[in-house]
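Work through the exercises below with the sequence and coordinates open. Try each task before reading its solution.

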Amino acid sequence: MTTDERVTSGRQSAELARELVGGVIPTAAPERTLDESLRRMIESVRPEMIFGAPVEREGVTVIPCAEVMMGFGMGGGSGYGPAVTPTTSAAASATTPASGPSGGGGIGGGGGAQGRPVAIVTISKGRARVLPVVDATKFLIAGLTTFGVAAVMVGQILARSRPPQDNRFPAARFARAMRAARNRAF
């Protein structure tokens, strides 16, 4: 069986795909790549990311605490041209000018991490205290959002409480407007 016969009959293999595209298809399976990426991400979440190194000054120990958020996404795909059967060969030749095998493949992913301070633990004279870090930006955004929603709701209530207006343009008023325009033009 020739290469073209294997492609058109739909029995494609990874070896054939590598042969057709010059060995560009990666040999590592997408599952292995995903496992490796997830393993590295999970290993990076350690207590050192949440609690900073303690700093001691004048008998007071300060430990910074942070909130860490991570996100990750991955996807992949592959493909080859559709298998040509006697019923689809006319349609395939009408829509695709090239004959022969197509190609495909690919994998991609992305991720990110973000951290922000949330508290400070102070230890002095055998007593520990947790002091929260106040984020003024969050309060400002929450206040502006609340104000915007309230303004929209009040605007809708006021618009519904008004009596409906008569938007018709009576014929007599139209005739007067046309006469005035004609008198100004001539």
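**Exercise 1.** Place Arg179 in the secondary structure, classify its exposure, and find the surface patch it belongs to.

*Solution.* The model is predicted. Start with location: Arg179 lies in helix α7, which spans residues 171-185. Next, exposure. The relative accessible area of Arg179 is 44%. Buried requires under 20% and exposed requires over 50%. Arg179 therefore counts as partly exposed. Last, the patch. Arg179 joins Arg173, Arg176 and Arg182 in a positive surface patch. Membership requires over 30% relative accessible area and no salt bridge.

**Exercise 2.** Locate Cys65, decide whether it is buried or exposed, and list its contacts beyond four places in sequence.

*Solution.* Cys65 sits in strand β2, residues 60-77. Its relative accessibility is 9%, so Cys65 is buried. Now collect the neighbours. Leaving out residues up to four places away in sequence, Cys65 touches Ile50, Phe51, Pro117, Val118, Ala119 and Val121. Then check a distance: Met49 is 16 residues from Cys65 along the chain, and their C-alpha atoms are 8.6 Å apart.

**Exercise 3.** Describe the protein as a whole: element order, burial, surface and contact range.

*Solution.* Count elements first: there are 7 helices and 4 strands. Their order along the sequence is α-α-α-α-β-β-α-β-β-α-α. Turn to burial: 6% of the 186 residues count as buried. The accessible surface is about 14,800 Å², with 62% of that belonging to carbon and sulfur atoms. Finish with contacts. Take those between residues at least 6 apart in sequence; 60% of them join residues at least 24 apart.

Key: Residues are numbered from 1 along each chain as its sequence is written. This is a predicted model: local features need pLDDT of at least 70, side-chain atom pairs count only at pLDDT 80 or more; totals for chains, interfaces and linings use all residues. Side-chain values use heavy atoms; hydrogens and water are left out. Patches are made of residues with over 30% relative accessible area and no salt bridge: like charges are joined within 9 Å, nonpolar side chains (Val, Leu, Ile, Met, Phe, Trp, Tyr) within 5 Å. Accessible areas come from the Shrake-Rupley method with a 1.4 Å probe; for residues, only the protein chains shown count as cover. A salt bridge is a side-chain nitrogen of Lys or Arg within 4 Å of a carboxyl oxygen of Asp or Glu. Lys and Arg count as positive and Asp and Glu as negative; His and the chain ends are not counted. The place of a charge is taken as NZ of Lys, CZ of Arg, CG of Asp or CD of Glu. Helices (H or I, at least four residues) and strands (E, at least two) are DSSP runs, numbered from the N terminus. Buried means under 20% relative accessible area, exposed over 50%, partly exposed in between (1.4 Å probe, protein chains only). Contact means heavy atoms within 4.5 Å.
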